[in-house]
Amino acid sequence: MILKKNRIVVLFVLMLNVSYSQTTISGVVKDVELNVISNCNVVLKDPTNKLIITFTHSQENGTFKFNTNKTGKFFLVFSAFNYAPKTFEIEVTSESKVIEKNAVLTSKSLELSEVIVIQERAITIKKDTITFLAKSFLQGNEQVVEDLLKKIPGLTIDQNGTIKVGSQEIEKVMVDGDDFFEKGYKLLTKNMPVNPIEKVELYQHYSNNKHLKGIENSNKVALNLTLKENFKRQWFGNMQLGYGLVSENRYDAGSNLMNFGKKNKFYFITNLNNIGNNATGEINNIIRPYRMDGIEIIGDNQSANALIDLSTFNPTLKQKRVNFNNAEMISLNSIFTLSPKVKLKAMGFFNSDENDFFRNSFQSFLVGNTSFENTENFVGRKTQITGFGKIDLTYDISKTKTFEYTGKINKTNEKNKSDLVFNGDFINENLKSDNQLIDQKLVWTNKFKSNKVLLISGRYINEKTPQNYNVNKFIYQDLFSQTANNILQTSENKMQFAGVEAYLLDRKSNGNLFELRFGNQYRNDDLLSHFKIKNNESIVSEPAGYQNSLSYSTTDLYLNTIYRFKFKKITMASQLDIHQLFNSLKKVENLQTQSPFFVNPKFGLEWEINKKNKILASYSINKSNATILDVYNSYIQTSFRSFSKGTGSFNQLNASTALVNYTFGNWGEKFFGNFSIVLLKDNDFFSTNTILTQNYSQSEKVLFKNREFLTFFTNIEKYFKPITSNLKITVDGSKSNYKNSVNNSDLREINNNSLNYGFEIRSGFKGILNYHIGSKWNYNEIKTTTTNSYTDSMAFLDLSLVINDKLNFQIQTERYYFGNLDKDSNKYYFMDLEARYAPPSGKLHFSLSGNNLFNTETFRSYSLSDISISKTEYRLQPRYILLKMEFRF
């Protein structure tokens, strides 16, 4: 039914878009010397009551254009800063299709009495900054910043809170120009109340380092929230408390306390809940913000990975439906301006969470002559405690020189416990994991000329990930000829990283850019693992081939050069990465060394056809070095029935990448489109040779040749002014092939195809009712010796009813369909309802929310791999009603 409604709405939108009889009024605005005038206000007025009917402003080339469906005689008024206003009388008839009216304005000193006041524009564009007036997008039902950002055209916020512009994630979300959380911005957007926000600014070509603005070639984007004047330089915030009415022990409590002054800024956040609300986003983005490409990224991609991860995959539902949590979080964040030259940022973060997982699964394996079925009834609990501290110190030595220091420390303790019924056997798993991180970074920037910058950076990272894993059942009789009843594995991956780098940027007078990067990075990994077969508390065996003790170090001496040159509307870039590696692998008494040398070239092109059409293309050849998780030489247990090992030797992998991106339109326009296609070809890649049985699997990494991965992404946005609604259409897909071996078979060729497409329409009415409707379809296909495929879909309809400024209602509905499940279990429906009431005082707000009102208790999904077909059932958060009170101050 919802899918049918979706089609009707789309048809309705398209009909409205073409059915209105409108007259287009356009022209050019110039001065007496025939120079074009930009940002000139062009206003259509009623001649009798002088009311404004519609208005626009002239573009950079002096042109303007707008539509009207009114008929009659009107005044067309032109006004611009430092120019005398000019008024024309025009007549619009039902036969008028296009009216062209040019204006020539004369210079004049500005007098206050001559200023024409026009309503603020919802979207303004000035160079690289796009400003969205918050009140133009508020509909009265927003609570936190994330709710507002979802309604701003061009921004996409996924169900985890990740903010993207097109297909690119933003760098950060600032408040009045200061950044608290870097890539961990979800902590702000999911908690900060929306009422203090006056404007949202989007910075294009953003530079994290102020000295690089206008010099570096940046495609990064960032957001800045500007506050209303009455919220600056004073303490404000909110406190909220919610408790379940007809459900057992459901609660949601939190507070925000803020003061954003000129010199100092403070933001304190707390949240406690067990309703599945993730108030922090991805914690790893707070601890280890990772930038794919940038000037000061030395060490960003360095971390010590844990060997075992018992995290449970969750279905593609809203997280609150499957997240059985008991979370407690506090974050203390401060920015101090110690002097005009010194700024200090301090962050303290503590998070404790207890997550329960409930899953029943059925897996059917069929590979060659091997076939069997496994059933699992899984109940797990993960308890995680994280303490994190960070200090950022910025010292402006002079107007052109800056010194920056960043210091971080993290301690995470995690305990996983599961009760599992595997093919009728009762199994208990226990995993204890720790993470200890110390991270120090220094950056010195010298803008020694107006177009030349030198950066010198250094970084040291020390990280440890010890783990202790125990399984109380011995099901490996076919693998080990031992009499035992449990196993124990202890492991630790210790990593040290040290690097220093110099980076020179030289922007030539003709706009060309030369970049030179030179550095040396050293990384050492010590990996230890001990696998023990036990009978009660006695150690029966420590089998050979299942113990690891090795040290792997890499020194990378590198030189990187980039030259960008522009010819008319085309910018081309050539890049050369030169690496001299010194690898060392020590296993017990055996020491191996290697000194590979390689060069990675890259070529890029940017073609700005005109103001609306842009093409970007690049091609690169890349050789990468194997990591510690690729080279360990004995098996490590990674789950209760899985073992894996690396190659035991050095390897470098060769690959090439081709990318093409096309963009039509610009921000703030009614139509915007973006298309990207990427082809990745791996000349060398790691796959596996797996021994697969019903009770265990052993996978060994093997180096294979030739693999391809093709992916594309399309995003289209169209604003329909007659119905004040924004339409988004997304289409993305991929095609890949790879190889592996199972049970010592010949190489198996696997082909995987996927296609995802969908649309959504969001209204922006100022009246009582607003809607958000959409649907998505997902198609997946895997080909080996046989072909398996499935199609799933999801549709939603959200309604917002704002009765008045005191009372509003929110209704959210979802429908999920799984094509390969039985008809009695392939459709699922959900509904959430919330009512909010704000008394006249304005400080005290009440809300009543109902989650999963249809009380859908379980959810089944279907998945494919090259060796199995899986059907999994998940337990969901039951229906609950929550009464919440919020106090704003």
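Two residues are taken to be in contact when heavy atoms of theirs lie within 4.5 Å. The model is a predicted one, so local features are reported at pLDDT of at least 70 and side-chain atom pairs at pLDDT 80 or more, while totals for chains, interfaces and linings use all residues. Residue numbers start from 1 along each chain as its sequence is written, and side-chain values rest on heavy atoms, with hydrogens and water left out.

Start with Thr-131, which sits in strand β10. Once neighbours within four places in sequence are set aside, Thr-131 touches Ala-122, Ile-123, Thr-124, Lys-199, Val-200 and Glu-201. Its relative accessibility is 14%, so Thr-131 counts as buried (under 20% relative accessible area is buried, over 50% exposed, and in between partly exposed, with a 1.4 Å probe and protein chains only). Strand β10 (residues 129-133) pairs with β16 (residues 197-203) through five bridges in the antiparallel sense, and one of the partnerships puts Leu-133 with Lys-199 of β16. Strands here are DSSP runs of E with at least two residues, helices are runs of H or I with at least four, and both are numbered from the N terminus; two strands pair if DSSP finds at least two bridges between them.

The sheet around β10 is open and mixed, with six strands in the order β9-β10-β16-β17-β14-β15. Its edges are β9 (123-126) and β15 (178-179), which have a single partner strand each, so one side of each is left without a neighbour in the sheet. Another open sheet has three strands, β11-β12-β13, in antiparallel pairing. Here β11 (155-157) and β13 (168-169) are the edge strands, each pairing on one side only. Strand β12 (residues 163-165) is joined to β13 by two bridges, and Val-165 has Gln-168 of β13 as bridge partner.

Further along the chain, β22 (residues 342-367) brings several strands together. With β21 (residues 327-339), β22 runs antiparallel and shares eleven bridges, with Ser-331 opposite Phe-349. Just two residues come between β21 and β22 in their hairpin. On to β23 (residues 370-396), where the antiparallel pairing with β22 covers 26 bridges and Lys-345 is partnered by Asp-392. The hairpin of β22 and β23 also has two residues between the strands, and Gly-368 takes a positive phi near 60° there. Strand β49 (residues 868-875) is joined to β22 as well, antiparallel, by seven bridges; Ser-364 has Ile-869 as its partner in β49.

Ile-716 belongs to strand β40 (residues 697-720). With 29% relative accessibility, Ile-716 counts as partly exposed. Beyond its neighbours within four places in sequence, Ile-716 is in contact with Phe-671, Phe-672, Gly-673, Leu-727, Lys-728 and Ile-729.

As for the whole chain, six helices go with 50 strands. The radius of gyration is 30 Å, close to the 29 Å that the globule rule gives for 889 residues, so the chain is as compact as a globular protein of that length (the radius is taken over C-alpha atoms, and the rule is 2.2 Å times the number of residues to the power 0.38). Along the principal axes, the C-alpha atoms fill a box of roughly 100 × 65 × 55 Å. Of the 889 residues, 48% count as buried. Among contacts between residues at least 6 apart in sequence, 64% join residues at least 24 apart.
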